Structures are given as structure tokens and as C-alpha cells.
Amino acid sequence: MSQETWSSVDHYFSRALAPSDAILDAALQASEAAGLPSIHVSPLQGKLLMLLAQAHGSRSILEIGTLGGYSTIWLARALPPGGRLITLESEPHHARVARENIDRAGFATSVEIRVGRAIETLPLLEKEGQGPFDFIFLDADKVSYPDYLAWSLRLARPGTVIVADNVVRNGAVVDPQSPDANVQGVRRFTERLAAEPRLSSTVLQTVGSKGYDGFAFAIVRS
Ligand code: SAH
Ligand code: DHB
Ligand code: MG
């Protein structure tokens, strides 16, 4: 099996089940035109996030790592009327592009973007009494995943779903000696998932147009 096969199977199912629409197309085009890196989730992965949040009946969602708002739009589509989403982004330029994309998608009032390093904006959310969030998506710098997990628990309730992107890293995650700080971040994150009695967790490896990677899923125990 090769990247070529993974990509054509990804495109086959995407065309059938998660076809692009004018709003998602516009978000990706505007992101590319603005020079943002093409590191958003794939269409099928975005739809998976939407379906999970929907199945869970999520009314409040927290996302860490906005980029151009592509995954944000998928997640916002899961919200019922009156639902809300807060997304955290450190790069002002990314946040500006995301703001336009999200507004164009019809979520100007339901989605709030907080600009700043997440490690600084997460404590503010707690101080403001935001949360508990029903669904939390981690997708910013992988080095900080252990910290983001700790903050997620503070901003969660029993039953909260936590999803983390990019935990397999083309298989590099299994190397304890890896010099890659992202790999070390994901490994520490995994150790904390395993050691945390408040969480029940699993990982799903993925292949597709984005290569070989995976998602971690956790539920806060009741
Ligand atoms: N969730 C997006 C992709 C996010 S890419 C999608 O799938 O569409 C990761 C994003 O996290 C980038 O925009 C990057 O600027 C942002 N980021 C990196 N470090 C961060 C930090 N410390 N705090 C907040 N955001 C950060
Ligand atoms: C990178 C970040 C992501 O969230 C992703 O899905 C792929 C790549 C990156 O920083 O390279
Ligand atoms: Mg990612």
C-alpha cells in the first residue's frame, strides 16, 4: 500500500460522503491565497469531527489551533441553535483569515476566536468561567499537548469528549529516542492519557491524503 492508494481511496470516499461545498472551498482558497500552510484536517476527517460532536449532542466546543478555520467550520456545523465554539490561535494572521472564513460560513456570532498562545488564553477562559465544554479538539503545537490535556480537564465535565489530531506522526511516535520535540510531546501526552484515572482513551491510526497519522479520543469519566 502506498500514499497513491491512500489518496485515491480518500478522494473516492470524500467525493461520495464529504463533498466540498462553496463555503469549505472558499475557506481553503482564502487560506491558500493568504499563504497559510496546508495542514488542515482532510474533508473526511472534518466530517468525522462534525459527526462525533453531533452524536454527542455537543452545545459548547473548544478548539486549540484554528489555522484558517477549516476544522472550525466542520465543528460549528455540529452545533444546535444557541451552541457556541471558542477556538484558540496564536498567529494573528491565521486568526484574521479564519475570522473571514468563519463569518462567510455563517458562524459570525456562534464562533469566537481568541488570539494568543493557548497556554496563556486557556487560563483566561477558566477565569472567565467559560466552559465546561462538551467537546474539545486539540490541534495546535504538539509539544504542548500534555499541557493542553491538563487544561482540557479543568475546562471539562464528566462526559466531555477530547479529540487530539496528529498523534501518530508517520509512525515516529513509537521511537522513545526521537529527537523530534513533536514526537516527545505526543509521547508525554499519551503517557498522561494512560495515567489519568478521569479519562478513558483510545487511538485510531489513519491513512489518506494527509499521509499516515492518527487521532486520540478520550472521554471524561462520570
Ligand atoms: N485545526 C486546523 C489546523 C490547525 S494547524 C484545521 O484542521 O483546519 C495548527 C495551528 O495551531 C496553526 O494555525 C498554528 O499557528 C496554531 N498554533 C501553534 N502553536 C500555538 C499555540 N501555542 N497556541 C495557539 N495556537 C497555536
Ligand atoms: C502540522 C500540524 C497539524 O495540525 C497537522 O494536522 C499537520 C501538520 C504541522 O505543524 O506540520
Ligand atoms: Mg492537525
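This text describes the surroundings of ligand 1 and the coordination of the magnesium ion in a predicted model.

Ligand 1 is located in the largest pocket. Its shell comprises 21 residues, of which Gly65, Ser71, Glu89, His94 and Asp139 come nearest. Sorted by class, this shell holds 8 nonpolar, 7 polar and 6 charged residues.

Several polar contacts can be traced between the protein and ligand 1, within a cut-off of 3.5 Å for pairs of N or O atoms. Two of them involve the backbone. At glycine 65, a polar backbone atom lies 2.9 Å from a nitrogen atom of the ligand. At leucine 67, the partner is an oxygen atom of ligand 1, placed 3.3 Å from a backbone N or O atom of the residue. Serine 71 contributes through its side chain, where an N or O atom is 2.8 Å from a nitrogen atom of ligand 1. Taken alone, ligand 1 exposes 580 Å², and the protein buries 89% of that area.

Asp139, one of the residues that come nearest to ligand 1, also takes part in the metal site. The magnesium ion (ligand 3) is coordinated by Asp139 (OD), Asp165 (OD) and Asn166 (OD1), at 2.0 to 2.1 Å. Along the sequence, these donor residues follow the spacing D-x25-D-N. The two aspartates thereby link distant parts of the chain, being 26 residues apart. Aspartate 139 belongs to the loop between β4 (135-138) and α7 (145-154), whereas aspartate 165 belongs to the loop between β5 (161-164) and α8 (181-195).

Technical notes
Residues are numbered from 1 along each chain as its sequence is written. Chains are lettered from A and ligands numbered from 1 in the order in which they are written. This is a predicted model: local features need pLDDT of at least 70, side-chain atom pairs count only at pLDDT 80 or more; totals for chains, interfaces and linings use all residues. Side-chain values use heavy atoms; hydrogens and water are left out. A residue is near a molecule or strand if one of its heavy atoms lies within 4 Å of it. A polar contact is a pair of N or O atoms within 3.5 Å; within protein, one must be able to donate a hydrogen and the other to accept it, and residues adjacent in sequence count only if both atoms are side-chain atoms. Accessible areas come from the Shrake-Rupley method with a 1.4 Å probe; for residues, only the protein chains shown count as cover. On a 1 Å grid over the protein atoms alone, a cavity is a set of points where a 1.4 Å probe fits but cannot get out, and a pocket is an open set with protein on both sides within 12 Å along at least five of seven lines; lining residues have an atom within 4 Å of a point. A molecule sits in a cavity or pocket if more than half of its atoms lie within 2 Å of its grid points. Ala, Val, Leu, Ile, Met, Phe, Trp, Tyr, Cys and Pro count as nonpolar, Asp, Glu, Lys and Arg as charged, and the others, Gly among them, as polar. Donors are N, O and S atoms within 2.8 Å of the metal (3.2 Å for Na, K and Ca); water is not among the atoms, so sites may look incomplete. Helices (H or I, at least four residues) and strands (E, at least two) are DSSP runs, numbered from the N terminus.
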